[in-house]
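Trainee: Could you walk me through this structure, please? I would like to start with how its helices pack.

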Amino acid sequence: MTWLDSELKSDTSSSEMSQAPCTKPPDRLSTDCLRSQDSLDRLSVDDFWQEVQNIQQSGSDSEQEGSVGDAKQPEEGEQEKEWLQDAGLSTLISEDSEDVDNVGLLSTLTRTQAAAVQRRLDTYTCSVRKKNKQPVRDVRDIFRADNPKKALMETKDSGRDSQTRSPLDSCGREFFITDVAYSDQAAILQKQTKLQSRNSRRRKDDGTLPKLISAQCRLGVTRIGDLSAQDMKKVRQLALIDMTALCDILEVDLKRHKLGKRKLHESCLFGVPLATLVENDQKILPTTTVPLILQAMFSFLEKKGLDSEGILRVPGSQSRIKNLQQKLETNFYPGLFSWEEVNPNDVAALLKKFIRELPAPLLTPEHLHTFNTVQDIQDLQQRLHVLNLLVLLLPEPNRSTLKALLEYLEKVVSRENKNRMSLWNVSTIMAPNLFMHKGVPPSKPAEGDEKEQAERAADVMRLLIQYQDLLWTIPNFLMVQVRKLNENSSRRYQFYDRRIKNLLRKMQSEKTEKNPPEPYRTVKIQAAHLLSDSMEVRLDTESRAGDALAQFHMNLRSMGNSVVKRNGSTAYPDYAIYEVGGNIGEHCLDPNTHLLDLYNNNPSGEWIIKLRPASDRLL
């Protein structure tokens, strides 16, 4: 039995990640259909370069209004220094820091992740020595034998060599495994040359993208927005380390660009930094995480543009677009702008212009190059692994705005039978707007490779649209590492004597053997002043968070705190159960979370029922 077979067997259930509705072609297409699809693909590639030309023509006015500084390449060693800072490991290159500062984070890393950290330290050390600066501590001092990280690396993942790739289910659908670090999965595949012929070809038709099944963890699925800001910061640090380790194995070059100084537009909507725009809008609507102007454009296009043939592809009138932009700048915030007589094609063109004119790319200058290099990864699941980690690394305003954009594009694709815009068409049109930015120099394709470059860029855009629900989740292995990091941080004392540590480990093992987990337990869930008293829930191995919420709704109904609709159904506010404290900051539970497993995983945590934030309900 392979490692994934055993992993999947241990899970009592698996759920299929929700995907956008789309028309699936038959498994076998006729020759005429194939020829027709090939011609459509050629037209789509032509649309890609036509969109680039439209961008260049429409950008001439913007270039006159604001100057753009060239992107700066960091000096030798600076990129590694910034990487260590972003990964929360800057103390490794500080002279007066102690190893104890790094034990908490380092002790959560797998061997593959730790190797990526060591490579960055090696490069930084060499660069400092070249500059004749005072040398930093030798890497061997950090990962020395008596360091807790050394012992961890010798014992962690001991059985990985026998592991293999995720299997297919009876319907040919693939399992998407998140219990094992993505970088470890790549290291396993690298060693297994026999499985390199696995079917991972690039396919041009959206119907041929495989349906991915998430191997359901008994602790449920954790989505972006379910964790506290403090825990999300740790997720980003760990995601950066794993993505770097993964890209090292895949030989994907990671370049981090910095934008030069740029003269900003004198406007309140277009050309304004995204974070500034969201911050200003939060003074109007505190819960918003997406600019209000974008929300207004999405709302208009969903009402009047979804069925418009060629929406997003038809460029619109340049004079009308310029006039529309000026009116929005003047009248949008005072509430004097009317959308009644606006042409949907003009709004779609203005939407793309808004994204292009952001002072920094929506995908950020630090990660835009990596988004582009995803095209070079041959294996589909590994491309999704990198994209998943990149999404986690985006700042919240960028990530929320990107998600709102992808949700709109998903709706456009779902109306393909009316607007003639397939997933591939939408992807080829939107790719230049997201992956090209005048502040970050693009990589020039070799002569004759323009068509391939367009197809690969559109393919990444297609993956973002098709698998957005999957990409906006936090992998289980990162959740395990965050919990372990919180446990390490909460310890008041650190025991470095191996005899003491071994004794404590032995005592804990004996205690576990004498007191095996109970098959059931009664717990109390706080209801945040919604009920007169805390709610008692009896848990067994099959009790889930959704069951506890159902019991809570029954209590609300008995107290008359529910709303009965006209059709006789009962509606409740969007309540959720939150796990608070222990080895987590705050965690909104998936309804499929097995509560007894969660209790055994975090016995010190408390459970509270409260309303989900409005911004979470919108995402």
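Trainee: At what angle do helix H3 and helix H5 pack?

Mentor: Happy to help! This is a predicted model, where local features need pLDDT of at least 70 and side-chain atom pairs pLDDT 80 or more, while totals for chains, interfaces and linings use all residues. Residues are numbered from 1 along each chain as its sequence is written, and side-chain values use heavy atoms, leaving out hydrogens and water. Helices here are DSSP runs (H or I) of at least four residues and strands (E) of at least two, numbered from the N terminus. With axes, lines fitted to C-alpha atoms over the stretch in contact, lying 9 Å apart, H3 (residues 78-86) and H5 (residues 111-130) pack at about 140° (on a scale from 0 to 180 degrees between N-to-C directions).

Trainee: Which residues of H3 meet H5?

Mentor: Contact means heavy atoms within 4.5 Å. On the H5 side are Val117, Arg120, Leu121, Thr123 and Tyr124, and they are met in H3 by Glu80, Lys81, Trp83 and Leu84.

Trainee: How many residues apart in sequence are the parts that Asp590 and Arg223 tie together?

Mentor: These two form a salt bridge (a Lys or Arg side-chain nitrogen within 4 Å of an Asp or Glu carboxyl oxygen), with the closest N and O atoms 3.9 Å apart. Asp590 lies in the loop between strand E11 and helix H24, and Arg223 in strand E4, so the parts tied together are 367 residues apart.

Trainee: Is Asp590 buried or exposed?

Mentor: Buried means under 20% relative accessible area, exposed over 50%, and partly exposed in between, using a 1.4 Å probe and protein chains only. Arg223, at 38%, is partly exposed. At 7%, Asp590 counts as buried.
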